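The following report is meant for a reader who is meeting this structure for the first time. It goes through a few helix packings, some backbone features and a patch on the surface.

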Amino acid sequence: MENNNNGKLLQYFGLTTGIILIVSSIIGTGVYKKVAPMSLNLQSPELVLLAWGLAGLVTLLGVLTVAEIAMLIPKSGGPFAYLREMYGEKTAYFYGWASFATIQSASTASISYVFAQSLNSIVTLPRLSEDWEAMNLFGIFYPFANIGVKLMAVLLIAVLTAVNYRGVKQGGRVSNVITVIVLASLALIIVLGLTVGGGSMANITQPASTYPPSAFGESFGFMKLIFLAMLSAFWAYEGWMNVGFVGDEIRNPQRNIPRILIFGILLIITIYLLVNFTYLYVMPVDEMLHGYVQTDAAGNFLTNQDGTFKLNDNFIAAVEVIRKFFGNGGAFFISLLIVVTTMGCTNATILTAARIYYAMAEKGLFFKRAAFVHPKFRTPSNALVMFAVWSSVLVFSGTFDQLTDMMVFSQFIFYGLVVAGIFILRKKMKDAPRSYRTLGYPVVPLLFVLFCAVFILNTLIEKPREAGMGLALIVLGTPFYFLFKKR
């Protein structure tokens, strides 16, 4: 199926704007929130920083490989285009469907929700009565709970979709401005936290009073908890493959795509290690855990009936760390920064993700109208609207951590397939010119694929609910595949 209008996507992104795009796609909620669940799993600041570093290293292994793949296949749709070339139509379709059903849509829903939560800490948003908030579907979904926050999240998605609908330049400019603000603010947090924050290296070396976790006594217990902590960290690194979604819109893609990916992820790893070191330097891990986990009057952690801890889902580690040395004024500042950051990350995700469905529709594997390019704005306008609608629906389901864990699990299934495909392309496209070849080939891609296999297995065992939901949404795409093929 070919697109039957004459519009073509605009080549807007160069090296600098491409790096800004990948940085704005990645830096979202994780850098502010995920240090708390990681600390709960590991109960040691040093191990938390180790998990951040290992997650960055694994991501870099994937980037070093995908840089060659993206250079060889500089097509809009990113992994959809890669998987189609590597394995054929069905595999590519299921990635695209998973992206629509859970990966990119759940990511957008989660980020926009934290945007609204942070805004709520500045300006209180309305809520319904307790009876309305208690209404649920299947005892799992509570669509009317915290309704003001949810409606604000949906409003953000709608506004940013309208911005990107009108042109990639508008969406790109929004990302540029927001990313500069975010990087400057994170640098300020690091400098102030390490100089006047009242922290101590003793906070880095001192584990929690409950250390070691009981799971350390089990077989492979240490590895299980490290992998669970990395599950949280990978949410913060999520988005590193997004530059491939706009492959048709990058100038000189064979040269720029590898450089954008590698330089961008190295910058992100450095930022994450420094920021999280600052958090743990300022706030003792025991203090962080008592803010993140609900406690009784005696200070004992409360648990649910299934034995899991009762968590304070509104706890944002970055806000409490800044409040510790700058008071409520500092907390207001960091809340405002999170509002800006999540706005930028939501914008970048909307900008890039809709290109997947545009590419799928061009191949007859999605709703036909998603292949439309707006004749005036030269954007995949219908795909943008479809993505926004489904992301808004997901805002009303699940908690933040449930959505992110489900999304990361689903994503790593396809990450492993994409990186493994480099071996296929080395044979299938052996004569294609290459301005970049995977550093450390074949060891680097093999290590990444092996990690993906172990990571997926560990998540299935340790997080069966989130993994099961992810698999169910992916399998749900099967009847739609036959419907699209029939049409």
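## Helix packing and local features

Helices α6 and α15 are roughly perpendicular to each other. In this predicted model, α6 spans residues 89-122 and packs against α15 at an angle of about 65°, with the two axes 8 Å apart. That angle falls in the range of 65 to 115 degrees which counts as roughly perpendicular. In passing α15, helix α6 makes a right-handed crossing.

Helix α15, residues 381-395, also packs with helix α14, residues 317-362, and here the angle is about 110° while the axes are 8 Å apart. Helices α14 and α15 are therefore roughly perpendicular to each other as well, and α14 passes α15 in a right-handed crossing. Two packed helices are described by the angle between their axes and the distance between the axes, and the table sets out these values for the two pairs.

| Helix pair | Angle between axes | Distance between axes |
|---|---|---|
| α6 and α15 | about 65° | 8 Å |
| α14 and α15 | about 110° | 8 Å |

A pair of residues far apart along the chain can be described by its separation in sequence and in space. Ile 178 and Val 340 are separated by 162 residues in sequence, yet their C-alpha atoms are 6.6 Å apart in space. Ile 178 belongs to helix α9, which covers residues 168-195, and with a relative accessibility of 8% Ile 178 counts as buried, because the cut-off for buried is under 20%.

How many of the 8 residues of helix α3 are buried? Helix α3, residues 35-42, is mostly covered, since 7 of its 8 residues are buried. The buried residues of α3 are Val 35, Ala 36, Pro 37, Met 38, Ser 39, Leu 40 and Leu 42. Directly after α3 comes Gln 43, which has a positive phi of about 60° although Gln 43 is not a glycine. Gln 43 is placed in the loop between α3 and α4, the latter covering residues 45-72, and at 10% relative accessibility Gln 43 counts as buried.

Positive phi also appears at Phe 220, where the value is about 55° although this residue is not a glycine. Phe 220 lies in the loop between α10 and α11. Is Phe 220 buried or exposed? With a relative accessible area of 63%, Phe 220 is exposed, because the cut-off for exposed is over 50%.

The loop between α10 (201-205) and α11 (221-237) also holds Pro 212, and the peptide bond leading from Tyr 211 to Pro 212 is cis, with omega near 0°. A cis peptide bond likewise joins Tyr 441 and Pro 442, where omega is about 5°. Pro 442 is found in the loop between α16, residues 400-428, and α17.

Phe 220 returns in a nonpolar surface patch of about 410 Å², which is made by Phe 220, Met 223, Leu 450 and Val 454. Of these patch residues, Val 454 is placed in helix α17, residues 443-462. Val 454 is partly exposed, with a relative accessible area of 33%, because partly exposed lies between the cut-offs of 20% and 50%. The patch thus includes Phe 220, which is exposed, and Val 454, which is partly exposed.

Methods:
Residues numbered from 1 in each chain as written. Predicted model: local features only at pLDDT ≥ 70, side-chain atom pairs only at ≥ 80, totals over all residues. Heavy atoms only, no water. Patch = residues over 30% accessible without salt bridge, like charges linked within 9 Å, V, L, I, M, F, W, Y side chains within 5 Å. Areas by Shrake-Rupley, 256 points an atom, 1.4 Å probe, with all protein chains shown as cover. Salt bridge = Lys/Arg side-chain N within 4 Å of Asp/Glu carboxyl O. Helix = DSSP H or I, 4+ residues; strand = E, 2+ residues; numbered from the N terminus. Buried < 20%, exposed > 50% of the residue type's maximum accessible area, 1.4 Å probe, protein only. Axes fitted to C-alpha atoms, helices over the stretch in contact; angles between N-to-C directions. Parallel < 35°, antiparallel > 145°, perpendicular 65-115°, else oblique. Left-handed = near helix turned anticlockwise from the far one by under 90°.
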